[in-house]
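User: I would like a close look at a single part of this model, followed by an account of its surroundings. Please consider the structure shown here.

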Amino acid sequence: MLRDLDFRLGRGNFYFLTGPSGAGKTSLLRLLYLAQRPTRGRIRLFGEELSDAPRDILPGFRRRIGVVFQDFRLIRHLSAFDNVALPLRISGKSEVEVEGPVREMLAWVGLADRASARPATLSGGEQQRVAIARAVISQPEILVADEPTGNVDAEMAERLLHLFVALNRLGTTVVVATHDVGLIAATPGAQMVRLENGSMVDPTGSLRNPPPPPHFAPEGQR
Amino acid sequence: MLDWLFASPAERRLLPGGRFRGPTPFVIAIMTFAMMTVAAAGLALSNAAGLVVQGVENRYAVQIPAGSGLLPRALAAARSAPGVNQAVPVPEAEMRLTLERWLGPAGVDAELPVPALITLDLADHANPAAIAARIETAAPGARFTAHREVLEPLLRAIRVLKWLALSLVALMAAATSAAVVLAARGALDTHRSTIEVMHGVGATDHQVTNLFQRKIALDSFAGAVAGAIAAALILLLLAGGGTAFAGDLMGTSPLHGSDLVTLALLPLALVVLATWVARTAVLATLRQAT
């Protein structure tokens, strides 16, 4: 259960969400990607108060958020291609508009030759990469990832991190829940959010008043 | 308006499994069959009642307890009354034959007093009360009865059966709706993870609903066609056998053209109902979520 959380995510920043198992990381992410409403308190995203927003307007906001689920959540009867294409199709893109970006994204995550494979025939790491490709295909404004490198090897983890950083440099706010200290260490400039027993540890107060992202700061201040 | 019906191949892939896999087509087929046959029976009964009423609407009987003594006077009074198209005495032999069916040989016994009977066919504008008064003046004690009154218990029974048939059709429609709600909820449960992912990537409730609505509409349509064909075959079979007897009695087919149109529209109505119920059920269930 989460309690007494009060923080702001700076637009375009990169955050690592850490904490022991059961600290509430996944619950916090679910609130962030609007899969759950808070029982108390407020959530403001994209400048809108969404805690008790009408259900009908939530999909529009969800399309601006990419999510990498801890358990991948691939649709098992769809091919890797169709899984990655899902957000584009949901947003109304035509098949012509879907084909190129999806092939490109699959190639980027190293699954170009597995486009027609069903999730059950993919390894855990491959499924993870499909899930990540699906989360980033529509270039979301916020990317939320729950243990995104938990099932991939070090090399793929590094490539995925580069993808997240690249997206972040394009302005995407990235929130990654992870236990992977190496991942955190390899991302200079990222902020760390630590949860313990459902509460946030923020000794410096930087989460209440987030600084601008390093790559957005004026040249002389970087 | 019917965009939801024409899903792209990619959208169709979101809900796996071919058609006719769930219970919906079979439930709809059975319900369509039952509804059409019950509705056909109700319509045929209604038509039969209509024909009977039409046949006896202006028909009356004059019963003269005193027997044939007063018959000529009563007959003359009836024939001279305005609005009487026809007045025909029923021969005593025919009366006794009728009685024989009920009383056995005693019915033809000459000792048994038999009332004289006249059947009257009145014009539409005739005044039955005035005619009755005229006959009673000529033949005191004569009883003037409308055939419709005699047949009223039968007509009432037919009316009850007609409403019963209509109620059964409505009940079957309600049962179909309930079955569709269960099928829709079952389908939602089966595809819960797909729906969660769709919502997660920004699908609206209507986008999710359209998938289920389309599937149930197509399943219902297939079931309705199968049920309608089966019902039509049974009705044709009955029309060639049992109802030919009814047709002979009525002098016409037991079902009119408009009845056939009504019967043909029933499966379509059931498909529309099932689709609407499915949409409503799916939307309601989705709205209960987050």
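In which hand, left-handed or right-handed, does α6(B) pass α10(B)?

Analyst: The model is predicted, and the description below should be read accordingly. In it, α6(B) passes α10(B) in a right-handed crossing. Helix α6 of chain B covers residues 147-190 and helix α10 of chain B covers residues 257-288. Their axes come within 9 Å and cross at roughly 45°. The two helices, α6(B) and α10(B), are therefore oblique to each other.

The residues that make this contact can be listed for either helix. On α6(B) they are B:Ala173, B:Thr176, B:Ser177, B:Val180, B:Val181, B:Ala184, B:Arg185 and B:Leu188. Their counterparts on α10(B) are B:Leu270, B:Leu273, B:Ala274, B:Val277, B:Ala278, B:Ala281, B:Val282 and B:Thr285. By class, the residues of this contact comprise twelve nonpolar, three polar and one charged.

Helix α10 of chain B also contains B:Leu286. With 19 other C-beta atoms within 10 Å, where 20 would be required for a buried residue, B:Leu286 counts as partly exposed. Setting aside residues up to four places away in sequence, B:Leu286 touches B:Asp205, B:Val208 and B:Thr209. B:Leu263 is 23 residues from B:Leu286 in sequence, and their C-alpha atoms are 35 Å apart in space.

The helix pair belongs to a chain whose secondary structure amounts to ten helices and four strands. Read from the N terminus, the elements of chain B follow the order α-α-β-α-β-α-β-α-β-α-α-α-α-α. Chain B has 290 residues, of which 32% count as buried. Among its contacts between residues at least 6 apart in sequence, 88% join residues at least 24 apart.

Chain B also meets chain A: 16 residues of chain B are in contact with 20 residues of chain A. On the chain B side, the elements that give two or more residues are α1 (9-14) and α7 (192-200). Of these, α7(B) gives the most, with six residues. The side of chain B that touches chain A has six nonpolar, seven polar and three charged residues.

As for the interior, the largest nonpolar core has 106 residues, and those with the most contacts inside it are A:Val84 and B:Ala39. Helix α2 of chain B, residues 24-56, provides the largest share of this core, 14 residues. A second, separate core has 21 residues, including B:Ala77, B:Ala78, B:Ala116 and B:Ile118. Beyond its neighbours within four places in sequence, A:Val84 is in contact with A:Val102, A:Met105, A:Leu106, A:Val130, A:Ala133, A:Arg134 and A:Ile137.

Chain A also offers two backbone details. Most residues other than glycine have a negative phi. A:Phe72, although not a glycine, has a positive phi of about 70°. A:Phe72 is placed in the loop between β4 (65-68) and α3 (80-90) of chain A, and it counts as buried because 21 C-beta neighbours lie inside 10 Å. A:Gln139 is not a glycine either, and its phi is positive at about 45°. The loop between α5 (124-136) and β5 (142-146) of chain A holds A:Gln139. With 14 other C-beta atoms within 10 Å, A:Gln139 is partly exposed.

Methods: Residues numbered from 1 in each chain as written. Chains lettered and ligands numbered in written order. Predicted model: local features only at pLDDT ≥ 70, side-chain atom pairs only at ≥ 80, totals over all residues. Axes fitted to C-alpha atoms, helices over the stretch in contact; angles between N-to-C directions. Parallel < 35°, antiparallel > 145°, perpendicular 65-115°, else oblique. Left-handed = near helix turned anticlockwise from the far one by under 90°. Contact = placed C-beta atoms within 7 Å. Nonpolar A, V, L, I, M, F, W, Y, C, P; charged D, E, K, R; others polar. Buried ≥ 20, exposed ≤ 12 C-beta atoms within 10 Å, placed from the backbone. Core = buried A, V, L, I, M, F, W, Y, C linked by C-beta atoms within 7 Å.
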